[in-house]
Amino acid sequence: MTVSTNPDPDLSTWPTGRLLAVAARLVEQRWAAVLDGMGLTHAGLIALHLLRDGPLPQRTLAQRCQVTDQTMSRTLDRLAKAGFVTRAADPADGRRQLTRLTAGGRAVHEQAVRAEPAVLGDLGDDGSFRAGLLDLVTRLSAGD
């Protein structure tokens with residue numbers, strides 16, 4: 001049996017699922033490094049993204065991020081400590097708190113959005129690539 005010493009595998013022979021898994025892992029690693037330099041996590045970036053259009057209760061944020069209330073609580077604690085969000089009583093229901101994006105949170109979100117090309121590199125036709133990913137995620141989420 002001969003063992004290949006070629007460190008570069010022929011990626012063209014890999015199944016699509018494996019390519020997607022490796023691509024996702026590489027993107028996640030790059031994002032983690034970039035976001036860490038901004039004082040953010042993946043979860044924090046998603047929460048900031050959802051808060052761009054106005055304040056939301058923690059439970060709504062958790063549902064939209066598809067995480068538990070406890071996970072969202074920890075994420076919001078980190079974001080508040082960094083000065084990216086504030087939490088205050090909901091005037092419509094004093095039993096719950098609304099989370100609001102601060103000016104610093106809006107600025108760091110915009111910085112992260114601008115960093116995306118550096119993380120992903122040149123995708124060529126970004127619109128087509130995104131459309132394909134959206135279609136794939138939508139179909140797989142629906143169980144097709």
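**Figure 1. Confidence across the predicted model.** The mean pLDDT of the protein is 86, and 92% of its residues reach 70 or more, in what is a predicted model throughout. Among the elements of the protein, helix H4 (residues 69-81) has the highest mean pLDDT, at 95, whereas helix H6 has the lowest, at 80. Where pLDDT is low, the predicted coordinates should not be read in detail.

**Figure 2. The three-stranded sheet.** Strands S1, S3 and S2 form an open sheet in that order, with antiparallel pairing. S1 and S2 stand at the edges, each with a single partner strand, so one side of each is left without a neighbour in the sheet. Strands of a sheet pair through backbone hydrogen bonds, either parallel or antiparallel. Strand S1 (residues 56-57) is joined to strand S3 (residues 93-101) by two bridges, and in this pairing Pro57 stands opposite Leu98 of S3. Strand S2 (residues 85-90) is joined to S3 by six bridges, with Val85 opposite Leu101 and Asp90 opposite Asp93. The connection from S2 to S3 is a hairpin that passes through two residues.

**Figure 3. Surroundings of Thr99 in strand S3.** Thr99 lies in strand S3 and is buried, because its relative accessible area is 1%, and buried means under 20%. When neighbours within four places in sequence are left aside, the residues in contact with Thr99 are Leu51, Pro55, Leu56, Leu61, Leu76, Val85, Thr86 and Arg87. In a regular strand the side chains alternate between the two faces of the sheet.

**Figure 4. The largest nonpolar core and the contacts of Leu48.** The largest nonpolar core has 22 residues, and those with the most contacts inside it are Leu35, Met38, Leu40, Leu48, Met72 and Leu79. Two or more residues of this core come from each of helix H1 (16-37), helix H2 (42-51), helix H3 (58-65), H4 and helix H5 (103-120). For Leu48, with its neighbours within four places in sequence left aside, the contacts are Leu40, Leu79, Phe84, Val85, Leu101, Gly105, Val108 and His109. An α-helix has 3.6 residues a turn, so residues three or four places apart point the same way.

**Figure 5. The salt bridge between helices H3 and H4.** A search of the whole structure finds five salt bridges, one of which joins the side chains of Asp69 and Arg59, with N and O 2.6 Å apart. This pair links distant parts of the chain, since Asp69 belongs to helix H4 and Arg59 to helix H3, 10 residues apart. Asp69 is partly exposed, with a relative accessible area of 23%, whereas Arg59 is exposed, with a relative accessible area of 52%. Side chains of opposite charge can pair when their charged atoms come close.

**Figure 6. The salt bridge between strand S2 and helix H4.** Arg87 and Asp77 form a salt bridge in which the closest N and O atoms are 2.5 Å apart. This pair, too, links distant parts of the chain, with Arg87 in strand S2 and Asp77 in helix H4, 10 residues apart. Arg87 counts as partly exposed, at 28% relative accessibility, and Asp77 also counts as partly exposed, at 39%. Arg87 is also listed among the residues in contact with the buried Thr99.

**Figure 7. The salt bridge between Arg95 and Asp93.** The side chains of Arg95 and Asp93 meet in a salt bridge, at 3.0 Å from N to O. Arg95 is exposed, with a relative accessible area of 78%, and its partner Asp93 is the residue of S3 that stands opposite Asp90.

**Figure 8. Gln66 in the loop between H3 and H4.** Gln66 lies in the loop between H3 and H4, and its phi is near 60°, a positive value in a residue other than glycine. Most residues other than glycine have a negative phi, and most peptide bonds are trans. At 74% relative accessibility, Gln66 counts as exposed.

**Figure 9. Helix H6 and the glycine that comes after it.** Helix H6 (residues 126-141) has 16 residues and reaches 22 Å from its first C-alpha to its last, close to the 22 Å expected at 1.5 Å a residue. Just after H6, Gly143 takes a positive phi of about 90°. This close-up should be viewed with the confidence values in mind, as H6 has the lowest mean pLDDT among the elements of the protein.

Note on methods. Residues numbered from 1 in each chain as written. Heavy atoms only, no water. Pairing = 2+ DSSP bridges. Helix = DSSP H or I, 4+ residues; strand = E, 2+ residues; numbered from the N terminus. Expected span 1.5 Å × (residues − 1). pLDDT = per-residue confidence, 0-100. Core = buried A, V, L, I, M, F, W, Y, C linked by side-chain atoms within 4.5 Å. Buried < 20%, exposed > 50% of the residue type's maximum accessible area, 1.4 Å probe, protein only. Contact = heavy atoms within 4.5 Å. Salt bridge = Lys/Arg side-chain N within 4 Å of Asp/Glu carboxyl O.
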